[in-house]
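Student: I would like to learn how to read a model of this kind feature by feature. Could you take me through one, giving the general idea before the particular case?

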Amino acid sequence: MDFTIAFFIALCFVLSITALFAFIWSLGNKGKSILHGDGNIIFGEHELGKSEEPAIDGPLPLARGSDTNVETVNYHRGSEDEINERVAIDTSSRLPVVMFLTSALFWLILGSFAGVIVSLKFHFPDLLVSNIELTFGRIRPVHLNAVVYGWSAMAGVGVVLWLLPRLLKTELVGGRYAASSCILWNIALLIGAYQIVTGHTQGMEFLEVPWHTDILIIFAGAMVAVPLFLTLAQRKTEHLYVSGWYFSAALIWFPVIFFIGNVPGIFTGAEQAIVNWWFGHNILGLWVTPIAVGCAYYFIPKVLGVSVYSYRLSLIGFWALALFYSQVGIHHLLGGPVPMWLQTMSIVQSVMMLIPITAFLINMYSILKGRWSVVKYSPTLRFMLIGAAMYAGASVQGTFEAIRSVNYLVHFTHYTVAHAHLGLYAFFTMIMFGAMYFVLPRVTQSEWPYPKLISWHFWLSLLGISLYFVALTIAGIKQGFALADPSIPFIESMKVTIPYLELRSIAGIMMTVSHIIFALHFLALIMKKRTAAHEQSASLNLKEA
Ligand code: HEM
C-alpha cells in the first residue's frame, strides 16, 4: 500500500515537473536555449542605470543631504515610439488590473474586520454570541477565505496581469477573459462567504467553501490563465524573464491544485487530512509565493535600475521551489495518523527549502548592496524590502517548525498563527502593497495624490504586523511549555496567553487602519484628475491609434 502511494506521488511529481519544464522549454523559441537571456531584458533602451519609481516625482536622492541624485526614468520621455508602446501596453491591461485590484482591496478590508472580530473574541468571549452567524466558528473561516482567496489571490492576479504584457513587451491579449474571471471570482467568494456564515462548510481549513461553489473559482482561475497563453503567443521578446517563469507556473498550478483539493467524495479520514494539508500548503507555496517572488525579481531591480545579480541563480531558485515546495504540507500533521515516511519526506523537503531562499537572498542582497539609501525614498522598495526579508524569515522559521522537537512544542499553539501571518502578511502582503504603489499610477495614468498617506500606511502596517508576530510568538511558546507540562492544568495554558492576545487585537486594529488608509488613497487616486503631462501623452497615443 505504502509502495503504491509512494509510486503514484513520485509519478505525479515527475510528470508535473517534466510538464512544467516542457512548457518553459517551449517558450525558448527560435532555437534559443531556455537559459539564454539575462536580467537586462526588463529594461528599455535608456532605462538601465536609472531608477523607476512612479510614486515619487523627480530624481531620487542617493543619500539624505547628498548632492548626488539617482537619475529616474521618465515615463513620458523618450522616442515617440517608445512612449506609445509603453502607454499602449499599460492601457491594454487597465480594465482587468483595476477590477482585480479594487476587488482585492474590498476583500482585504472585509477580511481585516473579520480578523479583528475573531481576535477580540479570544479575550471578550461573550462578544457577538447572540447572533449565530457571527460566532467564532463562522467568522474565522470568513476571515481566512477573504484574505486568502479574496485579497491575496486577487491582488496577485491583478499585478501579474499588469506585469505579463510588460515582460513580454506586448499588449495584453484576451483581457476580457480576465475581466469576466474577476466577476465570476467575486460572485463565488460572495456565495462562499454567505454559505460559511449560514453554516454550510466542508469543515476543513482552506477548504471551507462547499465544492459546488469551488467549481466557479476553478473556472475563474482557468479563465485568468487564458490571457497568459494568448499573450505569450504574441510576445515580442525571445526570452521569458524569471518573473514570467514564476507567474506562468503559478497561473497553471492554481486551478490544478484547487481542483485536486476540492474533488468531493474521494478521500476520507486520514487520507482527507493529508490531501487537505497538501492543498493548504501548496496554495501558499505554489500560488502566492511564486507570484510574490516573481514580483520581487521585477520591481526591486526596476526601481533601482540595476539588473539582477546572478540571473542563473534566480532560475535555480525557481526550480528548487518547484521541486521542494510541493511536498512540505504534511509537516502540519507531524505526530498524526499519517505514514512515517510521508512525515519524514515533508520534513526533508521543508529543510531543502533553504536552497531557493538562499538563492533569492543572495540575489536581493547583492542588488541592494550600496543602494540602501534609496529605500528611504521609494515606497515600492520600502514595502518590497520588508517583504523580501520576511520571505526568508518566514521560510527559515517554517523549516525549523517542521523539525519534530520544535513541532512538538509549538504545533497546537498561537505560534503557528504568528508564523502564518509572517508568511502571508509580512512577506506576501507587503510585496503586494509595494507592487500596487508602482502599478496603480501606471494604469490610472495619475500620481498618488497624498504621499504622506503612503508613510502612514507603511508604518502602521509594519508596526502592526511586528507587534502581532512578537506577541503571538511569545504567547505560543508559553502556551507550548504549559501544554507540555502535565502538572499544569489546561486552563492555565489558556490564561497565560491572554495579555498577548489583547496585544494581538491592538496590532490587528493598527493593520486594519492602515488598510483603510490605503483603500481611501486608492479611491482618491482613481478619482483624481489626470495630470497635464499624462493628458498630453494620452492624446499622443490616441493620435497614433
Ligand atoms: C492580509 C491580511 C491577513 C492575512 C493574509 C491573514 C491570514 C491569516 C491566516 C492564513 C490565518 C490562519 C492561521 C492558522 O490557522 O494558522 C489567519 C487567522 C487569523 N487571523 Fe489573520 N490575516 C490577515 C490579517 C489579520 C488581521 C488584521 C487580524 C486582526 C487581528 C487577523 C487575525 C486573525 C485571527 C484572530 C485568526 C485566527 C487565529 C486562531 O484561530 O487562533 N488577521 N489569518
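Tutor: We shall go from confidence and overall make-up to the ligand shell, one helix, the core and a few backbone details.

Student: What is the mean pLDDT of the protein chain, and which elements have the lowest and the highest values?

Tutor: The general idea is to begin with confidence, since this is a predicted model. The protein chain averages a pLDDT of 86, and 85% of the residues score at least 70. Among its elements, helix α19 (residues 532-544) has the lowest mean pLDDT, 47, whereas α3 has the highest, 97. Over residues 29-35 the pLDDT is below 50, and this stretch has 10 contacts in the model beyond near neighbours in sequence. Residues 538-545 also have a pLDDT below 50, with 7 contacts beyond near neighbours in sequence.

Student: How many helices and strands are there, and what part of the chain is buried?

Tutor: Here one looks at the elements, then at burial, then at how contacts are spread along the sequence. The protein chain has 19 helices and 2 strands, and buried residues make up 46% of its 545 residues. Among contacts between residues at least 6 apart in sequence, 83% join residues at least 24 apart.

Student: Which residues are closest to the ligand, and which elements give two or more residues to the shell around it?

Tutor: A ligand shell can be read by listing its residues, then tracing them to elements, then sorting them by character. In this model 24 residues surround the ligand, the closest being Gly 115, Ser 119, Ala 420, Leu 424 and Gly 508. The elements that give two or more residues to this shell are α3 (94-123), α4 (136-168), α15 (414-444) and α18 (498-527). The largest share, 7 residues, comes from α15. By character, the shell divides into 11 nonpolar, 11 polar and 2 charged residues.

Student: Turning to a single helix, what is the reach of α5 from its first C-alpha to its last, and which elements do its buried residues pack against?

Tutor: One compares the reach of a helix with the expected span, and then asks what its buried residues meet. Helix α5 (residues 175-197) has 23 residues and reaches 33 Å from its first C-alpha to its last, close to the 33 Å expected at 1.5 Å a residue. Its buried residues include Gly 175, Cys 182, Trp 185, Asn 186, Leu 189 and Ile 196, and the buried residues of α5 pack against α2 (80-92), α3, α4 and α6 (211-233). The helix is followed by Gly 199, whose phi is positive, near 90°.

Student: Why does Gly 175 count as buried, and which residues does it touch?

Tutor: Gly 175, which lies in helix α5, counts as buried because it has 22 C-beta neighbours inside 10 Å, where 20 or more are required. Not counting residues up to four places away in sequence, Gly 175 touches Ser 92, Ser 93, Leu 95, Pro 96 and Pro 227. The C-alpha atoms of Gly 175 and Val 226, 51 residues apart along the chain, are separated by 8.8 Å.

Student: Where is Val 160, and what does it touch?

Tutor: Val 160 is in helix α4 and counts as buried, with 29 C-beta neighbours inside 10 Å. Leaving out residues up to four places away in sequence, Val 160 touches Phe 247 and Ile 291. Its C-alpha atom is separated by 9.4 Å from that of Ser 243, 83 residues apart along the chain.

Student: Which residues of the largest nonpolar core touch the most other members?

Tutor: A core can be approached through its best-connected members. Of the 141 residues in the largest nonpolar core, Ala 296 and Ile 431 touch the most other members, and α4 gives the most to this core, with 20 residues. Leaving aside neighbours within four places in sequence, Ala 296 is in contact with Met 364, Met 384, Gly 387, Ala 388 and Ile 431.

Student: Finally, where do Lys 169 and Phe 206 lie, and is each of them buried or partly exposed?

Tutor: Most residues other than glycine have a negative phi. Phi of Lys 169, however, is positive, near 50°, and Lys 169 lies in the loop between α4 and α5. Lys 169 is partly exposed, with 15 other C-beta atoms within 10 Å. Phi of Phe 206 is also positive, near 75°, and this residue is placed in the loop between α5 and α6. Phe 206 is buried, with 20 other C-beta atoms within 10 Å.

Notes. Residues are numbered from 1 along each chain as its sequence is written. This is a predicted model: local features need pLDDT of at least 70, side-chain atom pairs count only at pLDDT 80 or more; totals for chains, interfaces and linings use all residues. A residue is near a molecule or strand if its C-beta atom, placed from the backbone, lies within 6 Å of it. Helices (H or I, at least four residues) and strands (E, at least two) are DSSP runs, numbered from the N terminus. Ala, Val, Leu, Ile, Met, Phe, Trp, Tyr, Cys and Pro count as nonpolar, Asp, Glu, Lys and Arg as charged, and the others, Gly among them, as polar. The expected span of a helix is 1.5 Å times one less than its number of residues. A residue is buried if 20 or more other C-beta atoms lie within 10 Å of its own, exposed if 12 or fewer, and partly exposed in between; C-beta atoms are placed from the backbone. Two residues are in contact if their C-beta atoms, placed from the backbone, lie within 7 Å. pLDDT is the predictor's confidence in each residue, from 0 to 100. A nonpolar core is a set of buried Ala, Val, Leu, Ile, Met, Phe, Trp, Tyr and Cys residues joined through C-beta atoms within 7 Å.
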